[in-house]
Amino acid sequence: MQINKKIIAIALVSCIVLSCKKEYSVENGPFDPNNPKIGANCRLSQIVEVDSSSGAGFGSLNAYFNANDQVTRVSTFDSVQGLTIYNADITYSGDTMRVNAQEYFILDASKKAMEFHTFQDPVDTSSGKITFVYSYLASGHLAKKEIFVGGIPIPAVRFTYTWSGDNLTSVEGLVVVPGAEQKLFSAIMTYDNTQTVKNFIPIFPDGFETVPYIMAINLGLTSRNVLTSLSASNYDNSGNLSQTLTTTFTGQKFSPDGYLVEWMASGDLPANSGLPTGLTRFHYHCK
């Protein structure tokens, strides 16, 4: 179906700069057990894929903060070749958070993302406008994401989020064009309900449009507990199951003040979440 193919194409374009295995650097070094506390008010600033035998970094996604605790740049870096793979300078004006000349988020008064404006091909403004609209529950958790194509006033795709015990437990994506309704995506997530995680990023397995900016944007309250598994399924243009990707997360290490500093992601790449497979370390920026 045409609408379905358009949305899949957007996903591929949006994720391409973050799917390379060789984007890496470990700028802040490993977690220091001799100085274990992170801080009182800190946010994730770097996600690093690490070689479990040598400790060398394979890839990283980085966020850089100004004195107002705003992210002003995000990047991925290949330190083997000394190349920046992706870089975006972020600017703020009123309710607008602009990530480049063509793409921007609209924020509400509490700085939550309400809309993301882009194009089918983000570098080609003639390719057709795409708008993502986010809405939230009274609790502050993300309730749904709707994708609008061009100037059509009804959404083409809707993602719905189910929360339980303050954790995101399932996602369902549907093509909702009247007369062409069908299933597009589904995901199930499980948690260790005995271990809370402090100030972590939102993990949305359908979040292809937000991957580069996941440490920069506010998408509402994040899950309370640490993730232990993610199973995501894609459906073809007839609504039939075409692929299921499953990732498990083990070996979680925390700082004494509750920040996740390391885990092992095994199985399939948790696509569209901003998370790599393998040994992953997390670094933080503190006010």
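Student: What makes the link between the side chains of Gln46 and Asn62 a polar contact?

Tutor: In this predicted model, the side chains of Gln46 and Asn62 come to 2.7 Å. The cut-off for a pair of N or O atoms is 3.5 Å. The value of 2.7 Å is within that limit, so the pair counts as a polar contact.

Student: Where does Gln46 lie, and why is Gln46 called buried?

Tutor: Gln46 lies in strand β1. Its relative accessibility is 2%. Buried means under 20%, so Gln46 counts as buried.

Student: How do you know that Cys42 and Cys286 form a disulfide?

Tutor: Their sulfur atoms are 2.0 Å apart. The limit is 2.5 Å, so the pair of Cys42 and Cys286 meets the definition. A search of the whole structure finds 1 disulfide.

Student: What parts does the pair of Cys42 and Cys286 tie together?

Tutor: Cys42 belongs to strand β1, residues 42–50, and Cys286 to strand β17, residues 278–286. The two parts are 244 residues apart in sequence, so the disulfide ties together distant stretches in that sense.

Student: Why is the disulfide of Cys42 and Cys286 called right-handed?

Tutor: Look at the torsion about the S-S bond. For Cys42 and Cys286 that torsion is about 100 degrees, so the disulfide is right-handed.

Student: Are Cys42 and Cys286 buried or exposed?

Tutor: Cys42 has 0% relative accessibility, so Cys42 counts as buried. Cys286 has a relative accessible area of 30%. Buried is under 20% and exposed is over 50%, so Cys286 is partly exposed.

Student: What makes β11 and β12 a pair of strands?

Tutor: Pairing needs at least two bridges. Strand β11 (residues 157–164) and strand β12 (residues 167–175) are joined by 8 bridges, so they pair. They run antiparallel. Phe159 stands opposite Gly173 in β12. The two strands form a hairpin with 2 residues between them, and Gly165 in the turn has a positive phi of about 60 degrees.

Student: How do you know that β12 also pairs with β13?

Tutor: Count the bridges again. There are 6 between β12 and strand β13 (residues 182–196), so the criterion of at least two is met. These strands run antiparallel. Leu174 has Lys183 in β13 as its bridge partner. This hairpin has 6 residues between the strands, and Gly179 takes a positive phi near 85 degrees.

Student: What pLDDT does the protein average, and where does pLDDT stay under 50?

Tutor: The average is 86, and 85% of the residues score at least 70. Residues 1–30 stay under 50. For that stretch the model has 77 contacts beyond four places in sequence.

Key: Residues numbered from 1 in each chain as written. Predicted model: local features only at pLDDT ≥ 70, side-chain atom pairs only at ≥ 80, totals over all residues. Heavy atoms only, no water. pLDDT = per-residue confidence, 0-100. Contact = heavy atoms within 4.5 Å. Helix = DSSP H or I, 4+ residues; strand = E, 2+ residues; numbered from the N terminus. Buried < 20%, exposed > 50% of the residue type's maximum accessible area, 1.4 Å probe, protein only. Polar contact = N/O pair within 3.5 Å; in protein donor to acceptor, adjacent residues only side chain to side chain.
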